[in-house]
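Got your viewer open? Let's take a short walk through this model, one selection at a time.

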Amino acid sequence: MAKLISSKKLIKMCIFCSQEKLSILFQDEKFLLIKDIRPATEHHYLVIPKEHYSNIKYLNQQQIPMIENMKQIAQDFLQTNVSDFDQNNLRLGFHWSPFNTIDHLHLHILYPYRQMNWLQNLIFRPNSYWFIDVERHFFTSLCLITFILIVLILISTNNFNLIFRHQFIIWPNPGLDKKSVNETDRIISNESQKVLPHCIIVGVRKCGTRALLEFLDIHPQITKVINEIHFFDDEKHYNLGLEWYRQQMPAIPINQSNIVIEKTPAYFVTESVPERIYAMNASIKIILIVREPVVRLISDYAQLASNRMKGGGGQRRIETFEESVLYPNGKVNSSYKGIRISMYAVYFSRWIKLFSKNQIHVVDGDQFVYDPLPELKKIETFLGLPHLIGHDDFIYNVTKGFYCIRLADNQEKCLNKNKGRRHPDINPVIIKRLRKFYEPYNKFFFSLVGRSFNWPNR
Ligand SMILES: Nc1ncnc2c1ncn2[C@@H]1O[C@H](COP(=O)(O)OS(=O)(=O)O)[C@@H](OP(=O)(O)O)[C@H]1O
């Protein structure tokens, strides 16, 4: 007779439960994140719940929020640790029992999946017959039964086990196969739903939009949209319709009044966007974060230069800051995009034509770097939320020169390497010229916002 092993003993034998010999890259109260011991691509990690769940096959509707949490941890980890993270190169999935090597639930993170060879691609192949779209179908029992039947048939076929040792359930990348969605998909389980955002951080690029979103997400009643969706500024996305946009939103609990916040800094400067957002929801809340225009400009330049260097820069030499922002005659080049984006008044006037001033909250991005809490408290008030973000939620990282989020066990979560880049040293004469150039635009902006900022004129 086969020897019966008690479930307690099984858990003791489970290396994910014991956590021995695991080199943990991230953990919170409920989950661990480790590197896969046989990486299929550069970033191949596993998100593992600390509580023992044998595998995805045995989960039910109650575990949807847990799966959503695991997905979010994966996204957050990559956002934080991979510079220029590209959502479209991410694949997430689970082994389907009996093809799992360790019988403790673990979500595979594969990034960039386009780096995988043909065999790995075959093993982790999405949209194959073993594909299950978790968000829309996985938890319907009908689909489960169908899937189990398919798996059973496949097991009985030759060499299946050898070729497909890993069976995957893949989440689709945003933007794919989501053209038409029924209203019935709004409620994705008894407990969670996807809704259009209540608030959008519209910009300004390089003024701290990511840090602002991450810090706001600390609030238990705020849910961030992890990626920049570029719905209103990108025709390709906009043509997919509002239902597509809603599908890009995170699932939130049905019975709680969570505020969903999206951020896409390109919205601020794209002409068609204010009208489009207004058409979606005329009473939506808008957040804008601004920094001293020259600081923003330098940050913008540093990013462009770094991207060009990474891309090899082609045959062309990368223009210096001075060459980019000034004409050879020394005049400010106001057709340079970086220069234009810092002319906040030009763009802001489009927004206030449609939205009332009490719908738009402007954050002082320089103050926010220096001390984020007071700016966050103002936003809590603006959103009508209780003040639940506090000093203890942050740790100042001296090396980075920025505040980071304090996690459980006093660990910190800072933004990734592409935030807080070294800025080039700029000739003070050029800085002075630029500040003078921006002076009238700043004054105009202050008059539109109804407050001034501590930005030097020279
Ligand atoms: N806490 C914290 N950690 C790291 N970085 C912080 C933080 N608060 C503000 N900032 C500033 O945010 C700048 C990047 O702005 P964005 O996130 O808006 O950039 S982007 O437009 O999304 O690319 C980034 O600009 P650079 O310093 O030029 O990289 C930072 O100055």
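Before we start clicking, one term: two strands pair if DSSP finds at least two bridges between them. Helices (H or I, at least four residues) and strands (E, at least two) are DSSP runs, numbered from the N terminus. Residue numbers start from 1 along each chain, as its sequence is written. This is a predicted model, so local features need pLDDT of at least 70 and side-chain atom pairs count only at pLDDT 80 or more, while totals for chains, interfaces and linings use all residues.

Select K224 in β9 to begin: its bridge partner in β11 is I261. Now show all of β11 (residues 259-263); three bridges join β9 to this strand, and the two run parallel.

Zoom out to the whole sheet. This open sheet has five strands in the order β9-β11-β8-β12-β13, with parallel pairing. Colour β9 (222-224) and β13 (360-364) at the edges: each has a single partner strand, so one side of each is left without a neighbour in the sheet.

Next, pick helix α3 (residues 64-81). Its 18 residues reach 26 Å from the first C-alpha to the last, close to the 26 Å expected at 1.5 Å a residue (that is, 1.5 Å times one less than the number of residues). Which residues of α3 are buried? Buried means that 20 or more other C-beta atoms, placed from the backbone, lie within 10 Å of the residue's own. They are I64, I67, M70, K71, I73, A74, F77 and L78.

Last stop: the ligand. Of the 17 residues around the ligand (C-beta, placed from the backbone, within 6 Å), G208, T209, R210, S299 and F402 come nearest. α8 gives the most to this shell, with three residues.

Technical notes
Buried ≥ 20, exposed ≤ 12 C-beta atoms within 10 Å, placed from the backbone.
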